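I opened this structure to look up a few places in it. My entries follow in the order I made them.

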Amino acid sequence: MSEVSMSGTARPSGAEGAMGSGYARHSRIQHRAADYGMPLLRRALAAVALPERGAPFRAADLGVAAGTNSLEPMGAVVEGVRSRTGEDTPVTVVHTDIPGNDFNTTFATITGSPGSYAHRPQVFVHAEARSFYEPLFPPAELHLVWSSIAVHWLSRVPAPVPGHIYSARATGEVRRALREQSRSDWEAFLTHRARELRPGGQLVVLGGASADDGSSGADGLMDAAVAVLTDLVGRGLITSEAWARMTVPTWNRTREEFLAPFAAGPAAAALRVEEHDLVTLPDILFDDFRATGDVRDFAERVTAFFQAAFLPSLLSTSAPAGDDGGTDAVAEAFADGLRARVAADPEAVETHWRVVPLRITRL
């Protein structure tokens, strides 16, 4: 899921970026990250205040993307609620994402997957196309909220990163502006969820994170992408103006940045952090490469992951509106270049994403 609009002339607000068309096939890394949230989700389901007998349990999945990584957690929600009530308590699940998300794919995944939670009796599936940095539900509507690997996307980018595409490489005023945007977005997210959750409700968030020094564990991969893009500029496939605007619109917060709103302000009065951690993920693609030695397969999989997760946001600035042919040519050239660079030096792009899992109670 991506939440972004570029400020000023850098990017039109209508160009909010959704995940690439291959996201469902190439989101195994995000799925692995979500594994670290499942224990928190199960404890949230054991602690959440249940509805009165016969009333529906209302859950929200914020940042659904293609829906692939929502099947297991929403299945756990249905099972967790009914294990406590001992009956087929009605469960409504609302999947949200920005308007640019491919909800056709989302619903094809959720309703078409064998064993999907959506096939169970008295389960009702809905969607809402709106940013989670805005209000999404009426006050006290929800019992539980789940959001996995989504809140690192920014609602807007205050300025592109000079000479790079990644916020971890920003310095000076640009870095301060990105950090401030992240702070504002996170506080907005928490303020809206505090209003929408019922007392005793639970919020489980897995947020893309960084170490205390600001490194996300993916810096080498982003440096490799920059080298490829720079080459495309030199070949005339990307204009220098488009290159100057290119930004992966994310900010991976430190654990301190995640926890700061709970020390003072509106979130502190309404929400309590029950559990939190900082987890460094294994590089499952690199581990497979170590086992097989197949560098071409590794390069293909790394490139496919990057294309699905980040390339749509980058290339939305690389061609004039309606010039799909130009954008397609750039995308193809970028993929060829990244494959070659990864194959030439696979160790340089070994990636260990960091995640902060949080379980939060509405007071």
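**Notebook: a helix residue, a loop residue, a helix pair and a strand**

I began with Ala333, which I found in helix α13, residues 324-344. The model I am reading is a predicted one.

I then asked whether Ala333 is buried or exposed. Its relative accessibility is 11%, and because buried means under 20%, Ala333 counts as buried.

Next I looked up what Ala333 touches, leaving aside residues up to four places away in sequence. I noted Leu232, Arg235 and Leu237. I also took a C-alpha distance from Ala333 to Val228: the two are 105 residues apart along the chain, and the separation is 8.9 Å.

Val228 made me look at helix α6, which spans residues 219-234. I paired helix α6 with helix α11, residues 295-309, and asked at what angle they pack. The angle is about 85°, and the axes lie 12 Å apart. Angles of 65 to 115 degrees count as roughly perpendicular, so I wrote down α6 and α11 as roughly perpendicular to each other.

Which residues make this contact? From α6 I listed Leu221, Met222 and Ala225, and from α11 Val302, Phe305 and Phe306. I sorted the residues of the contact by type: six are nonpolar, none is polar and none is charged.

I moved on to Asp294, placed in the loop between α10 (284-292) and α11. For Asp294 the relative accessibility is 36%, so I entered this residue as partly exposed. I also checked Asp294 against Ala343: they are 49 residues apart in sequence, and their C-alpha atoms are 9.4 Å apart in space.

My last entries are on strand β1, residues 57-62. Is this strand mostly covered or mostly open? I counted five of its six residues as buried, so to speak mostly covered.

I looked up the pairing of β1 with strand β2, residues 91-97, and found six bridges, with the two strands running parallel. As one of the partners I noted Thr96 in β2, bridged to Leu62. Between these strands I followed the chain: from β1 it passes through helix α3, residues 71-85, and on to β2. I recorded this β-α-β crossover as right-handed.

How many bridges join β1 to strand β4, residues 142-148? I found three, and here too the strands run parallel. In β4, Trp146 stands opposite Asp61.

Key. Residues numbered from 1 in each chain as written. Predicted model: local features only at pLDDT ≥ 70, side-chain atom pairs only at ≥ 80, totals over all residues. Heavy atoms only, no water. Buried < 20%, exposed > 50% of the residue type's maximum accessible area, 1.4 Å probe, protein only. Helix = DSSP H or I, 4+ residues; strand = E, 2+ residues; numbered from the N terminus. Pairing = 2+ DSSP bridges. Right-handed = clockwise from strand over helix to strand, strands pointing away. Axes fitted to C-alpha atoms, helices over the stretch in contact; angles between N-to-C directions. Parallel < 35°, antiparallel > 145°, perpendicular 65-115°, else oblique. Contact = heavy atoms within 4.5 Å. Nonpolar A, V, L, I, M, F, W, Y, C, P; charged D, E, K, R; others polar.
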